Amino acid sequence: MVSRASTNGERPASHLSLTRQVRWSERLAEALIKGVALVSIASVLLILIFVGKEALPVLTSAEVHREVSLTTLFAPNAEAGYMWQPVSEVPKYNVLPLFLGTLKVTFIALLFAVPLSILAALFVSEFAHKRAREIIKPAIELLAGIPSVVIGFFALVVLASWVQRLFGTEHRLNALVAGMGLSFAICPIVFSVSEDALRAVPNSYRSAALALGSTRAQTLLRVVLPAAAPGIAAAVVLGFGRAIGETMIVVLASGNAALLDFGWGTSTRTVTATIAQELGEVVVGSAHYDVLFFLGALLFLSTLAINLAGERFVHRMRKQLGGSQ
Amino acid sequence: MPRFLGFLVFGLALVGCTRTESTETGTAADGAVGVADSSTVTIKGSDTMVILGQRWAETYMKANPAVTIQVTGGGSGTGIAALINGSADICESSRPMKDQELASVKTKRNAPAIEVKVALDALAVYVNAKSPLKEISIPQLAKIYGGETTNWKDVGGPNHAIILYGRENNSGTYGYFKEHVLANKDFAAATQTLAGTSAVVNAVKGDEFGIGYGGIAYLEGVRALPVKKDDAAPAVAPSLETAQSGTYPISRFLFFYTAGNPTPTQAKFISWVTGPEGQKVISDVGYYPLPK
C-alpha cells in the first residue's frame, strides 16, 4: 500500500509543475490515513497485551500455582473429575467443560445458520426478482441489528419452552436453545457475505454455462457455487468467529451448568459466559482473576487461529479455482 | 507478515508484564479515602438488595432533594470489590464480609470496613406451583444441591430428575447457601447458574421439576417450601415472625458496608434506613425489618 502511494506521488516529470503545497497536503492526508489504520492495529495489539499480561501469572506465578496450574486446568481432578468450581474451599478450575460448551453451542448454531443462510443467499442472488431481493436482503440484514440481549431473552422465555415441549429435554435451558438463539445472531453475517460472494461471480460464467446447454440448476450447482466457494467459506468462518465470542445470548439461554457432556439437551456453560458472570466479582490479582484472563487469552488465540486458517484456506481455494472476486 | 506480527506481539507482551507492579500500586493510591462530603452517594452490591436499595433511595430523595443516591446491583462480591477499589461509597451485601475482604478494605482504603445491619431476609427454597412437595429439610437440600440426591422420589416427590437452579458465584445468596446449607461443600456441577434471583424464580416458574433458592421478596408464581432444620425438627415456613425469632433456619441479615466512618450525608442516610421510616420500606419490598 505504502509503496504504491509513493510511486504515484513521484511519478512522471511532467507532474513537477504541480505546486509544492499540493504535494505537501497529499503527504499529510496520506500520513493521517496511515495513522488511523495504525490505531486500529495498535488497539488490537494493546488488548492482546493487556489480556496476556493479566493471564501470564497462570504460567509463571508461584502463588497462583498453589491454587491452579496448567495441569489442573486441563487434567481431571482425582475426586471431582472435570469440575469448574472456583469459589470453593479447594478451588477447581477445569476448563474443559467450558471449552466443550463453547464448541457445542457454536457447532449447533452453525448447523442451523449455515444451510439456512446459504440457501437464502442462493435464492436472493439467483432466483429472486429484483423487487423481492430489495425487500428480503435488508430484512435479513436487519436481524444483525437486533441486540443480542434481546435475542437471548427471546430464547430464554419463548424458544426454551418450545424446545422443551417439542423434544422433552430434561433441562429447559440447554445447548440446543442457546445454539438456536445464537444462530439468529450469525445468520445475517453468513447470509450477507455469501450473497455478496455469489453476486460477485461474473455473469459471463452463467451465460457460458447456459449457452453450453446446462440447466439453471446445473449452472448454479456446478458453476456459480464453486466459483463463489471461497467467499462462502469466508462467510462461514466469520459466522464461526461471531458465534464463539457471543456472550449475552448464551449467558441467558444455556443454563450455565459446567458439565462435561456431549449431549445437546443438557445445560451447558461457555467460556464467554463464565468470564461475563465471574469477572465482576473476583479480587483483582487473585488466582481466579488470572484464570479468567487466561480463558480470555485462549479464546482470543483460538479465534485468531481460526480466522488466520480460514483466510489461508480461502486464499488457497481462490488460487486453485483461478477465479477472482 | 504473520510471523513478524507474532514476534511483535510477543515482544510487547514481555514489555507489558514488567510493568505490572507499577500499575498495581497506582490503583492502591487512587483508592485513598475521600474526605470531602459529597451530596452524591453511590451504592453498589447485592442483587438481592438492589430493589430494596432503590426503594430506599427514592423515598429518601423525595424527602431530601439535595441528596442524590445511585443504586446498582451486580452481586455482593461486585459491591465489595467496588468498595475496595473506591468506586462505591456504600456496599450492599447479603453476606458478612470475609476476613480477607476486610483486610483488603483496610489496606486499599486506609480505613476499616464499617458494618451496619439494615434488614432481615429469609432465604426461600422455591419449587414449581405444581410440585407436590410439602416440606424439605436442610440435610435433604444439602444432598440435592451437592448432587447426591438426583431424583424427586427420594425426597417424597414424583419419579423425575431434579433440575437444579442457583446463582452465579459472585452472589451473596450463593455464598450464604453454600455456607449454611451445603456446609461449604461444592455445588453439583449440574446446578444451572442464573444471573439474579428473579431469573431463578422465572426458571422455577417454568419448570415443573425445578428447585431454586433466593430472597423471600422475589416469591412470585412459585412456592416457598417450609424448611426443617434437620430431619427431626418441625417444618417452618418463612415469615416475619419465624425470621425475626430465628426459628426459620435459613434467615440472614442484609448489610451496608462503608470504608471508614461514613461522611455526614452517608451517615444521615444510613441512620434513616435503620430508623422507622427506612424499616417501613423494607416490608413494602417484601423483606423483613430488623428485630427490635
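Visitor: What makes the 157 residues of the largest nonpolar core count as one set?

Guide: In this predicted model, the 157 residues form a single nonpolar core because such a core is a set of buried residues of nonpolar types joined through C-beta atoms within 7 Å. Those with the most contacts inside this core are Ala155(A), Val177(A), Val190(A) and Ala253(A). Helix H9 of chain A, residues 175-199, gives the most to this core, with 16 residues, and the core also draws at least three residues from each of domain 1 and domain 2 of chain B.

Visitor: Which residues does Val177(A) touch, leaving aside those up to four places away in sequence?

Guide: Val177(A) touches Ala155(A), Leu159(A), Ala160(A), Val163(A) and Ala253(A). Among these, Ala155(A), Leu159(A), Ala160(A) and Val163(A) are buried residues of H8(A), and the buried residues of H8(A) pack against H9 and helix H12 of chain A.

Visitor: How do you know that H8(A) is not a straight helix?

Guide: Helix H8 of chain A, residues 148-167, has 20 residues, and a straight helix would reach 28 Å at 1.5 Å a residue, whereas its end C-alpha atoms are only 25 Å apart. In keeping with that, H8(A) has a kink of about 40°, centred on Leu159(A). Just after H8(A), Gly168(A) takes a positive phi of about 60°.

Visitor: What classes of residue make up the side of domain 1 of chain B that touches domain 2 of chain B?

Guide: That side has one nonpolar, eight polar and three charged residues, and its largest share, three residues, comes from helix H4 of chain B, residues 76-85.

Notes. Residues numbered from 1 in each chain as written. Chains lettered and ligands numbered in written order. Predicted model: local features only at pLDDT ≥ 70, side-chain atom pairs only at ≥ 80, totals over all residues. Buried ≥ 20, exposed ≤ 12 C-beta atoms within 10 Å, placed from the backbone. Helix = DSSP H or I, 4+ residues; strand = E, 2+ residues; numbered from the N terminus. Domains from an automatic or database assignment. Contact = placed C-beta atoms within 7 Å. Expected span 1.5 Å × (residues − 1). Bend = angle between axes of the 7 residues up to and from the residue. Nonpolar A, V, L, I, M, F, W, Y, C, P; charged D, E, K, R; others polar.
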